[in-house]
Amino acid sequence: MQCRNACGACCIAPSISSPIPGMPFGKPAGEKCIHLLADMRCNIFGQASRPKVCSDFKADQEICKDSRELALITITELETMTG
Ligand code: SF4
């Protein structure tokens, strides 16, 4: 599966425990990463400072579903179950 345009669900819904530039403790679930641009692209895409967890994540039908809204709901539910 390819990432859909202007999504950014995986930059908002999940918690990220590894440091992000400007967010040294990562981010809590539901908080937008400070590097997520208005058009939902990553401001530090391709840079070495981008967390490994971000570059490792691949779009997955099970998580990303058929819309950004469903992806946000699904990831939030997974966070609730695992958090
Ligand atoms: S660093 Fe980029 S890819 Fe990672 S959560 Fe932030 S905006 Fe998303």
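Here is a friendly conversation about a predicted model, in which labels are set against the values behind them.

Biologist: Let's begin with the salt bridges. How many does a search of the whole structure find?

Modeller: The search finds two.

Biologist: What makes the pair R41 and D39 a salt bridge?

Modeller: The N to O distance between the side chains of R41 and D39 is 2.8 Å. The cut-off for an Arg nitrogen and an Asp carboxyl oxygen is 4 Å, so this pair qualifies.

Biologist: And why is D39 called partly exposed?

Modeller: The relative accessibility of D39 is 36%. Partly exposed lies between under 20% for buried and over 50% for exposed, so D39 belongs in that class.

Biologist: What makes K52 and D56 a salt bridge?

Modeller: The closest N and O atoms of K52 and D56 are 2.6 Å apart, and the limit is 4 Å, so the name fits. Both residues sit in helix 1, four residues apart, which is about one turn of the helix.

Biologist: Why does K52 count as exposed, and why does D56 count as partly exposed?

Modeller: K52 has a relative accessibility of 60%, and exposed begins over 50%, so K52 is exposed. D56 has 46%, which falls between the two limits, so D56 is partly exposed.

Biologist: How do you know that R50 has no salt bridge?

Modeller: The nearest side chain of opposite charge to R50 is D56, 8.4 Å away. A salt bridge has to be within 4 Å, so R50 is left without one, although R50 is buried. This arginine is located in the segment before helix 1. Outside its neighbours within four places in sequence, R50 has contacts with C42, I44, F45 and S55.

Biologist: Now to backbone angles. What makes the phi of A6 worth a remark?

Modeller: Phi of A6 is near 50°, a positive value, and A6 is not glycine. Most residues other than glycine have a negative phi, so a positive one stands apart from that pattern. A6 belongs to the segment before helix 1 (52–56).

Biologist: Which loop holds K65, and what is its phi?

Modeller: K65 is in the loop between helix 2 (61–64) and helix 3 (68–82). Its phi, too, is positive and near 50° in a residue other than glycine.

Biologist: Are A6 and K65 buried, exposed or partly exposed?

Modeller: A6 has a relative accessible area of 48% and K65 has 31%. Each value lies between 20% and 50%, so both residues are partly exposed.

Biologist: Why is T74 called buried?

Modeller: T74 has a relative accessibility of 13%, and buried means under 20%, so T74 is buried. T74 lies in helix 3.

Biologist: What makes the approach of T74 to L70 a polar contact?

Modeller: The side chain of T74 comes to 2.7 Å from the backbone oxygen of L70. The limit for a polar contact is 3.5 Å, so the distance fits. T74 also touches E62, I63 and K65, leaving out residues up to four places away in sequence.

Biologist: What makes up the largest nonpolar core?

Modeller: Five residues form it: C7, A9, A13, A71 and I75. In soluble globular proteins, nonpolar side chains tend to be buried together. Of those core members, A71 is in contact with R4, A9, I63 and C64, setting aside its neighbours within four places in sequence.

Biologist: I12 and I34 are a nice pair to finish with. Is I12 buried or exposed, and is I34 buried or exposed?

Modeller: I12 has 15% relative accessibility, which is under 20%, so I12 is buried. I34 has 53%, which is over 50%, so I34 is exposed. Both are placed in the segment before helix 1.

Biologist: What do I12 and I34 touch?

Modeller: Beyond four places in sequence, the contacts of I12 include K27, P28, R68 and L72. The C-alpha atoms of I12 and L72 are 7.8 Å apart, with their positions 60 residues apart along the chain. I34 touches P21, G22 and M23, again not counting residues up to four places away.

Technical notes. Residues numbered from 1 in each chain as written. Predicted model: local features only at pLDDT ≥ 70, side-chain atom pairs only at ≥ 80, totals over all residues. Heavy atoms only, no water. Helix = DSSP H or I, 4+ residues; strand = E, 2+ residues; numbered from the N terminus. Buried < 20%, exposed > 50% of the residue type's maximum accessible area, 1.4 Å probe, protein only. Polar contact = N/O pair within 3.5 Å; in protein donor to acceptor, adjacent residues only side chain to side chain. Contact = heavy atoms within 4.5 Å. Core = buried A, V, L, I, M, F, W, Y, C linked by side-chain atoms within 4.5 Å. Lys, Arg positive; Asp, Glu negative; His and termini not counted.
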